[in-house]
Amino acid sequence: MCVPFTSGQLSAWLLFYGPSSDRLTRWERWTFPEEVSRETVVEAVRHVTSCHEVLRTTVRVGADGLMEQRIRPVGPVDVEHRDQVFAEDEIIQLIRELVKEPIAMAEGPLPRWITGRTDTGGFFLLLLLHHFVLGSRGGKTLRDELMQVVNNLSRGLPAASGLPEAKNPRDFLAEESGGRGERARERARRFTRPLLREISSTPFPMDLCEEALPSEGEGEVSGPGRRMLGELYSTRLRWRLEKLSEEWRIPVSAIVLGGLCLALQRVVPDKDAMVWQVFSDAAGTGAKSSVGYQPMISVLRVNVPDEGDLYSAARGSWKAMLGSLRAQAPGETVPVEENFLVSRERGVKLVTPFLYNYVAHGGGVVWEQEDGTCPDDASPKPDKIEVSYFDNFPGIFFTCYVRRLPGLLQISLYLHERMLGENSPHDLLRSLADLLHGPGTSGAVHSDPLASLRRVEPQEDWLLLSGGRWVKPSAVGEALASLNGIVEASTEIIEDGAGGKRLLARVRTTDASLDPGSLRERCHGLLDTAGFVVPDLIDVTCGDLPPDGPPPSSAALDALRKVVTRALPSGTWDAQRCYLASGGELATVPGVLEGLKTSGWEGLSWKDICSHRPFSELAASMRRI
C-alpha cells in the first residue's frame with residue numbers, strides 16, 4: 001500500500017534530508033529479568049509491529065514524482081540475537097557501534113531489533129531505526145506499549161489488553177486532507193500572518209555567512225561564519241524549575257523560554273524581530289497512540305517587559321504558547337509559506353532564526369527508575385557549561401533545545417557566532433542559569449543576573465527603513481547590477497516625510513522595455529541576498545549599449561527543469577521565477593530533491609528550493625554526483 005506523506009513525515013524528511021541522512025539513527029532499549037522468556041519478548045515485538053504501520057514503512061518516489069510511504073503488510077519480524085553475555089558498558093559500546101551503521105530508507109526494513117544476554121542473568125532488547133520514523137513522544141509510547149504487551153503475555157492475558165487503539169499515518173492524513181485539517185491551516189495562517197507583518201525584518205542586521213564552512217583542523221573551525229554550540233548541564237536547575245512550575249502553575253518549558261527571552265532582550269540588536277518557532281511532537285498523545293514522528297510547529301511572540309522578572313516572563317511565555325497552540329497546524333507548511341508570501345509583500349526577507357524545542361523524556365536515552373526526591377541542596381553537582389564549534393551546517397539559526405534528563409536539565413544553544421557580539425555562549429548560559437536559579441542559589445555576584453550581558457549593535461552600514469525593514473544599501477546596488485540587462489545601479493536613502501527613511505534605486509539598462517514595475521518583480525528573486533530590500537522608488541534609464549541576450553542554458557538547468565516541472569502546474573516553468581512563486585508546494589519538495597539525486601545532481605536543500613532564488617540561480621548551485 002502506498003500513501004502520501006503526512007505533514008509530520010514531510011517535516012521529518014525535510015529536517016533530516018542531507019548527505020548524512022542515512023545515519024540519523026535513534027535507539028530504544030528494554031531490560032528484562034530472567035523469568036521473562038525471549039519468545040515472549042519476540043511475540044511482543046511482532047504485536048507492536050503489526051499495530052504501528054510506521055514500523056513497516058519504507059519511502060520511495062512515486063510515478064507522479066512525489067515522495068510516498070510504502071506500507072508493507074503484516075508479516076514475520078526479524079529479531080537478531082547476540083550470543084555474547086554483555087556487561088552494562090559493553091551494551092553501551094554495542095549501541096555506539098550500531099548507530100553508526102547507515103539505514104537505507106528506500107529499501108528497509110527501517111526498524112532493527114536485537115536481543116542479547118546481560119551479565120545479571122536477564123536479557124536486553126534494542127531497537128534501532130531512523131529519526132524519520134520515531135519522535136520523542138512516539139519513543140515513549142513505544143517503550144510503554146511494548147513493556148505492557150510483555151507483561152500481558154507473561155500473565156496469560158491477550159497481548160492488546162489495556163492498549164489504546166493505534167493511530168497510524170493514514171489516520172493523520174485523513175484528518176489533514178479533510179475539512180478539519182483545512183480549518184486548522186486557515187487558523188494558523190490568520191494567527192501567523194499578522195505577526196510576520198508587524199515584526200522587524202531581522203533581529204540581526206549584520207552580515208552573517210549562511211554557507212557551511214570546512215574545518216581547518218580537528219574539531220576547530222575559523223572565520224566569521226563559525227557556528228557555535230553552548231551546553232549547560234545542571235542538576236539543581238532540574239529540581240528548581242520543577243518546584244517553580246508547581247508553585248506558579250506554569251510548565252517548565254515556558255519558564256525556560258521566558259528566561260531566555262529576558263536574556264536575549266539584553267543582547268539582540270532588534271528585539272522587535274524576536275519571534276519564536278516552537279516545536280512539539282504530537283505523536284503518542286490522546287486516546288489513540290502513535291509512534292510516528294508528527295511534529296507540530298507554532299509561531300509565537302513573547303511580550304516581556306525590559307525590566308521584567310522571571311515570573312512575569314514565564315507568564316508571558318506561557319500565554320503566548322497557549323495562544324499559538326490554539327492556532328496550530330500540523331507540520332511546518334504554514335510558517336514556511338506565510339514567511340515566503342509576507343516577505344514578497346513587504347519587499348524584504350523576514351529572518352526568523354529563533355527555534356525552541358523542549359523535550360521532557362528520553363528518546364534514545366536509557367531511562368531507569370529514578371528517585372523522585374530532590375537532592376540535598378548542600379551537595380549538588382555544580383553547573384557545567386561546555387562550548388564547541390562545528391561546521392557543515394549552513395543557515396542562519398538560533399536554536400535552543402531543552403532536555404529533561406534523569407536528575408539533570410540540559411540546555412543547548414546552536415547559533416552563529418556573530419549573533420552574540422562580545423558575549424560568549426558561556427556568558428549567555430551562565431547569565432540564564434543565574435536567572436533561573438534565583439537570588440541566593442547560584443552564587444551570582446550581581447543582584448541583576450543579566451548585568452554582564454551587552455547589547456550587540458547593528459552593523460554600521462545597515463540602516464532601518466520605514467516599515468521595520470533593515471537594509472544594506474551597498475548590497476542592494478550590487479544585487480541590482482547582477483541582473484541580466486542592468487549596466488549600472490546605485491541607491492540613495494531619502495526621507496519619507498514622516499520621520500522614516502525610504503530607498504531610491506537608480507539603474508541604467510540595455511533593455512528598453514524594462515520599466516520600474518517589471519524590475520520590481522525581478523527584485524523578488526534577490527530577496528535572499530543579505531541586506532537586500534526591494535526599493536521603494538526605482539528610476540530606470542536606458543543606455544546605448546546593445547541588449548544582453550537571455551541567460552545561457554546549462555545541463556544543470558535542464559535537469560532542474562525536467563524534475564521540477566512534474567511538481568508545478570502545467571505551463572508555469574520560467575527560469576527567472578522561483579519554485580513557490582511558480583505554484584510549487586512544500587509537500588512536493590522531497591520528490592524534487594530525490595528526483596535530482598536520482599538523475600545525478602545534488603547541492604540543493606529544501607530551503608534552497610523554497611527560497612526566493614530563481615531556477616536559473618538554483619541551477620548554478622547544483623553539481624554532478
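Phe124 is buried, at 0% relative accessibility. I begin with this residue in our predicted model, and I shall move from there to its aromatic partner.

That partner is Phe86, which is also buried, having a relative accessible area of 4%. Both values count as buried because they fall under 20%.

The structure holds 10 aromatic pairs in total. In the pair of Phe86 and Phe124, the ring centres lie 5.3 Å apart and the planes meet at 85 degrees, so the arrangement is edge-to-face. This pair connects distant parts of the chain: Phe86 belongs to strand E5, residues 79-86, while Phe124 belongs to strand E7, residues 123-130, and 38 residues separate the two.

Let me turn to a second pair, Tyr401 and Tyr414. Their ring centres are 5.9 Å apart, with planes at 90 degrees, so this pair is edge-to-face. Tyr401 is found in strand E14, residues 398-405, and Tyr414 in strand E15, residues 408-416, so the contact ties together parts that are 13 residues apart in sequence.

Are these two tyrosines buried or exposed? Tyr401 has 26% relative accessibility and counts as partly exposed. Tyr414 is likewise partly exposed, with a relative accessible area of 22%. Both receive that label because the values lie between the 20% limit for buried and the 50% limit for exposed.

Which residues form an aromatic cluster? Phe204, Trp276, Phe354, Tyr356 and Phe398 make up one such cluster.

Finally, I come to a contact between a charge and a ring. The charged end of Arg238 sits over the ring of Trp239, at 4.8 Å from the ring centre.

Note on methods:
Residues numbered from 1 in each chain as written. Predicted model: local features only at pLDDT ≥ 70, side-chain atom pairs only at ≥ 80, totals over all residues. Heavy atoms only, no water. Phe/Tyr/Trp six-rings, centres within 6.5 Å; stacked < 30°, edge-to-face > 60°. Helix = DSSP H or I, 4+ residues; strand = E, 2+ residues; numbered from the N terminus. Buried < 20%, exposed > 50% of the residue type's maximum accessible area, 1.4 Å probe, protein only. Lys NZ or Arg CZ within 6 Å of the ring centre and 35° of its normal.
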